[in-house]
Each structure stands twice: as C-alpha cells, then as structure tokens.
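Please open the model in the viewer and display the backbone. The tour below moves from one selection to the next.

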Amino acid sequence: MNHRMKKLFGGIVLCVFVSACANQSRQQSLYEALGQYEGINNITHQLILNIAKDERVKHRYKGVNMSKFKKGMSDYVCAVVEGPCTYGGDNMKLVHAGYNYTNTEFNAIVDDLILAMEQCGIPVPTQNRLLAKLAPTYKDVVYH
Ligand code: HEM
C-alpha cells in the first residue's frame, strides 16, 4: 500500500468507527441511558436528599409524604422519558396549583436534580436530554 492508499484506508476505518459510535448513542433511549427504572429511582432518592438540604426550597416539602413523592416522581420521570411506566398521580398543574412557586424555586429544584444526576454518575449529555424533557413542566409548576 502506498502512502496515499494508507491514508485513505485509515480515513475509512476512522469514519466507520466514528459512525458506529454515533449510531450507538443515537440508538440508546433516554430511559436506558438513565439506567432504567432503578437508575431513575436512584436519581429521585438523591434529589430528595438534596432538596432536604436546600434552604431555598426545603420548607416547601414540610409535611409531604416523601415515599409517595418518591414513587410519583420516579414514575413521572420514567413516563416522560418514554419508559414502560404510567404516572398515576394528578397532572403537574393540579399538583403544584395554589402554592405560587417562583421561578427561583423552580431553578433551585433543577439545580438539585442536576446535582443528583451528577452524584449518580449520569453523563452531561444525558443530563441535558432529561432537562429538555422536563423543561415544559415549568409552565405548569411556576405561578404566573
Ligand atoms: C422540574 C420541575 C418539577 C417537576 C418535574 C416536579 C414534579 C413533581 C411530581 C411528579 C410530583 C408528584 C409526586 C406524586 O405523585 O406524589 C410533585 C409533587 C410536589 N412538588 Fe414538584 N416538580 C417540580 C418543581 C417543583 C417546585 C419548583 C416545587 C416547589 C419548590 C415543587 C414542590 C412540590 C411539592 C411540595 C410536591 C408534593 C405535593 C404533595 O404530595 O402534597 N415542585 N412534583
């Protein structure tokens, strides 16, 4: 093989390799990337611990049944990422109605969720995929 041929061959091998990797990440569903229900449940668990330490929002959860919340949140996330779950609770508007939650509080919960995903070892691109799915919740949670 002359030098030109070697370069061309190397280029082809690289292309096949790169496109195989790109394909693989495109094929992995968000539900899979989060580690299925177990992974989502671990994130919710961490989220609750983070909320409990977060002075900005922890008072909002006083008296809330957190084991019910844990299941509701995990089921909701699982359903949002098109996992094999049904969220059996009320819709997001109804759940958050009447509390006048603010933009700042919404951002605090998002911070706590990002931290939870970080603690669970979720890669940043996967974190962003989930955040994009949850962003539309904003209009139902925040008072305006
Ligand atoms: C990304 C934004 C948010 C999402 C995806 C979300 C999602 C949920 C879900 C799925 C539940 C129901 C759990 C169940 O079925 O029991 C819930 C409940 C609740 N959320 Fe949110 N939430 C968000 C933002 C907020 C914010 C900003 C606050 C206030 C700081 C808040 C306060 C609450 C409280 C207090 C409950 C418990 C209600 C109860 O059981 O009495 N949420 N949330």
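Begin with the surroundings of helix 3: the cover over its buried residues includes helix 4 and helix 6. Helices here are DSSP runs of H or I with at least four residues, numbered from the N terminus; a residue is buried if 20 or more other C-beta atoms, placed from the backbone, lie within 10 Å of its own, and exposed if 12 or fewer do.

This is a predicted model, in which local features need pLDDT of at least 70, side-chain atom pairs count only at pLDDT 80 or more, and totals for chains, interfaces and linings use all residues. Residues are numbered from 1 along each chain as its sequence is written.

Next, select residues 36–52, which form helix 3. Its buried residues are G39, I40, I43, T44, L47, N50 and I51. Viewed down the helix axis, these buried residues fall within an arc of 140°, so they line one face of helix 3; the arc is taken from the directions from the axis to the C-beta atoms. Rotate to the other side of helix 3 to find E38 and A52 exposed.

Now select the ligand. The shell around the ligand holds 20 residues, of which R60, G72, Y76, G89 and E105 come nearest; a residue belongs if its C-beta atom, placed from the backbone, lies within 6 Å. The elements that give two or more residues to this shell are helix 4 (66–80), helix 5 (92–96) and helix 6 (103–119). Helix 4 gives the most, with five residues.

Finally, zoom out to the whole protein chain, which has eight helices and zero strands.

Methods. Expected span 1.5 Å × (residues − 1). Contact = placed C-beta atoms within 7 Å.
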